[in-house]
Amino acid sequence: MTTTAKKTTTKKDPLELPLKPFAFEVLHLVSKQRSKAKKVEVLKRYEDPSLKALFIWNFDETIESALPDDEVPYTPNDNKTGDGVSRLSSQYRILYNFVKGGNDALNTTRRESMFIQLLESLHPDEAECLCTVKDKQLGKRYKITHNTIKEAYPDIVWGSRGWYETLDRRGDSLV
């Protein structure tokens, strides 16, 4: 009689992402979830001020983009591995420059140039995500709604405020 050892396999957590995920990785994972409860769970697990800033820019009707609605003429970063590219989590503090009321002293050319430089420094999928937010199309690109965001982040105060009440120049969240 021969006996065989039973193999033990560790099941990978389907909600597991790298230690410091890119914003687009979190949004893709949220999109994959079938229930609102699971989407909220993912958002809570990977809560980050940069994600909140993106959601506020996208879903808050009082926040208006100071950039044109059309496609942005930039060259995507060709480094898809993520090594050596900027992350929104480290760059979100400058997002106030791209919304009305954030830094109105910037002229249009300088603002657009800064935005292109930011996009070109980011992982290509992260840059695409930011362009989607600029046009307030996040809910169409990813399966995520304003109500899901409200449930995941009840600390965000929506509407009737300017960008400075959301994020100050140092990037400290004031939500």
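This section describes salt bridges, helix contacts and selected residues in a predicted model.

Salt bridges are considered to begin with. A search of the whole structure returns 8 of them. One joins R45 to E16, with the closest N and O atoms 3.9 Å apart. This pair connects distant parts of the chain. R45 belongs to helix α2, which spans residues 36-45. E16 sits in the segment before α1 (23-32). The two residues are 29 residues apart. R45 is partly exposed, because its relative accessibility of 38% falls between the 20% and 50% limits. E16 is also partly exposed, at 44% relative accessibility.

A further bridge pairs K100 with E64 through their side chains, at 3.5 Å from N to O. K100 lies in the loop between α4 (88-91) and α5 (108-121). E64 lies in the loop between α3 (49-59) and α4. The bridge therefore ties together parts that are 36 residues apart in sequence. K100 has a relative accessible area of 49% and is partly exposed. E64 is partly exposed as well, with 42% relative accessibility.

K52 and E47 form another salt bridge. Their closest N and O atoms are 2.7 Å apart. The two partners fall into separate exposure classes: K52 is buried, with a relative accessible area of 6%, whereas E47 is partly exposed at 44%. K52 counts as buried because 6% is under the 20% cut-off. The pair also belongs to a wider arrangement, in which E47, K52 and D155 are linked in a network of salt bridges.

K52 leads on to the helix that contains it, α3. This helix is mostly covered, with 10 of its 11 residues buried. The buried set begins with S50, L51, K52, A53 and L54. It continues with F55, I56, W57, N58 and F59. The charged end of the K52–E47 bridge on the lysine side thus comes from a residue of the buried set.

Helix packing was examined next. The axes of α1 and α2 come within 8 Å and cross at roughly 160°. An angle over 145° counts as roughly antiparallel, so α1 is roughly antiparallel to α2. The crossing of α1 past α2 is right-handed. On the α1 side, the contact is made by V26, L29, V30 and S31. On the α2 side, K39, V42 and L43 take part. By class, the residues of this contact comprise 5 nonpolar, 1 polar and 1 charged.

S31 of helix α1 deserves separate mention. S31 is buried, with a relative accessible area of 15%. Leaving aside residues up to four places away in sequence, S31 touches K39, Y142 and K143. K39 is one of the α2 residues in the helix contact.

A second helix pair is formed by α5 and α6. Their axes also come within 8 Å, and they cross at roughly 145°. F115, L118 and L119 of α5 make the contact with A127, L130, C131 and K134 of α6. The residues divide into 6 nonpolar, no polar and 1 charged.

Helix α5 also holds E112. E112 is partly exposed, at 28% relative accessibility. E112 touches L67 and P68, with residues up to four places away in sequence not counted. P68 is 44 residues from E112 along the chain. The C-alpha atoms of E112 and P68 are nonetheless separated by 8.6 Å.

The backbone at K136 closes the survey. K136 is not a glycine, yet K136 has a positive phi of about 55°. The residue is found in the loop between α6 (124-134) and α7 (138-141). K136 is partly exposed, with a relative accessibility of 29%.

Terms used
Residues numbered from 1 in each chain as written. Predicted model: local features only at pLDDT ≥ 70, side-chain atom pairs only at ≥ 80, totals over all residues. Heavy atoms only, no water. Salt bridge = Lys/Arg side-chain N within 4 Å of Asp/Glu carboxyl O. Helix = DSSP H or I, 4+ residues; strand = E, 2+ residues; numbered from the N terminus. Buried < 20%, exposed > 50% of the residue type's maximum accessible area, 1.4 Å probe, protein only. Axes fitted to C-alpha atoms, helices over the stretch in contact; angles between N-to-C directions. Parallel < 35°, antiparallel > 145°, perpendicular 65-115°, else oblique. Left-handed = near helix turned anticlockwise from the far one by under 90°. Contact = heavy atoms within 4.5 Å. Nonpolar A, V, L, I, M, F, W, Y, C, P; charged D, E, K, R; others polar.
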